[in-house]
Amino acid sequence: MELVKCTIENRVAFLEMQNSKKLNCLSRALCNELIEGFASLKNRDILAIVICAEKGCKVWSAGHDIKELPTDSNDPLSFNVAMEKLLREVQNAIVPVIALVEGSVWGGACDLCTVCDMIVASDTSTFAITPAKIGIPYNTSGIMHFVNTMSLNKAKELFFTASPISSQDAYNMGFVNYVASPEKLRDVLEEKILSKMRGNSVLAISAIKRQFSLLTRATANLPMEAFENIQDMRRLAYQDGADYIEGISAFIEKRKPVFKGKACDLDAILEKDKKI
Ligand code: YXS
């Protein structure tokens, strides 16, 4: 693996993202190497997996690689894209996964943090979920990750403003477990979490972790039509809505996007769809 370093220290596995020159964008290559890292740890005697970036990084991860987002009307966040597979790998891990965050966290990387079991962040870190900034209708499983991790009002604020919040704010709302200076980050991880877990039964922790994963993914019985309506709406937003292409182009051309989409456009398109 070239983009991820996997080490094991005192029964804790560290998957360190080492592509800071590309701001650790969750490209297919980086996601696949993280998935490979998880696979290599399946039968190891470990009590936790830590996802981290190189010490001193300014950006923990800039999120999905925008230059890899499809512009051929395919769903940018479909079930089988590498980033979605990585998010499921974290949730299916049989030991707790902890995000050790230094630097800023963006977009899909913020979702990666929500699916981790705990977060220890530096006091200079920020978190932003940014699909609205790029014209992307986020996906249902991704939204549920935030619904399961914070209050609805804070989740909506994060999505609708697409603006970064500080790690202190994230701590105050229960999203981040501990905040520490960059120099003390690993010590706090060890002292507050790992050292206490070491004395406990990894078997019991694994059984509990698997229950959390199953229970948090159990949706209240969503009627099939609602799910189909969601898929329809998302498809119409990233296919027929021009905002998605404008968001990607604006980012690549380093200019502010000029979004022309209106909320009622969705109704009009849905209406048109019904007439077919
Ligand atoms: O100009 P060059 O070629 O050097 O490239 C620039 C950026 O284009 C590139 N870059 C990215 N390329 C692909 N995907 C990205 N996510 C991405 N982010 C950055 O890296 C080079 C340096 O970027 P620059 O000049 O902006 O660096 P900076 O230090 O001034 O600013 C760092 C950031 C992270 C604040 C800034 O790059 C930024 O805001 N990046 C976009 C963060 C973001 O919105 N990520 C969401 C990606 S989409 C996603 O995750 C989901 C699909 S969703 O949107 O639904 O959540």
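**View 1. The second largest pocket of the predicted model**. The second largest pocket holds about 760 Å³ of space. A pocket here is an open set of points on a 1 Å grid over the protein atoms alone, where a 1.4 Å probe fits, with protein on both sides within 12 Å along at least five of seven lines. The volume is the space filled by probe spheres set on the points, which are joined across faces, edges and corners. In this predicted model, residues are numbered from 1 along each chain as its sequence is written, and side-chain values use heavy atoms, without hydrogens and water. Local features need pLDDT of at least 70 and side-chain atom pairs pLDDT 80 or more, while totals for chains, interfaces and linings use all residues.

**View 2. The lining of the second largest pocket**. Its 32 lining residues (an atom within 4 Å of a point) include Ala62, His64, Ile66, Ile134 and Phe251, which lie nearest the centre. The lining has 18 nonpolar, six polar and eight charged residues. Because domain 1 (4-197) and domain 2 (224-275) both contribute lining residues, the pocket lies between them; the domain bounds come from an automatic or database assignment.

**View 3. The ligand and its polar contacts**. Around the ligand are 20 residues (a heavy atom within 4 Å), the closest being Ala62, His64, Ile66, Gly108 and Lys254. In polar contacts (N or O atoms within 3.5 Å), a polar side-chain atom of Lys254 lies 2.6 Å from a ligand oxygen atom, and one of Thr130 lies 3.2 Å from a ligand oxygen atom. A backbone N or O atom of Ile66 is 2.8 Å from a ligand nitrogen atom.

Terms used. Nonpolar A, V, L, I, M, F, W, Y, C, P; charged D, E, K, R; others polar. Polar contact = N/O pair within 3.5 Å; in protein donor to acceptor, adjacent residues only side chain to side chain.
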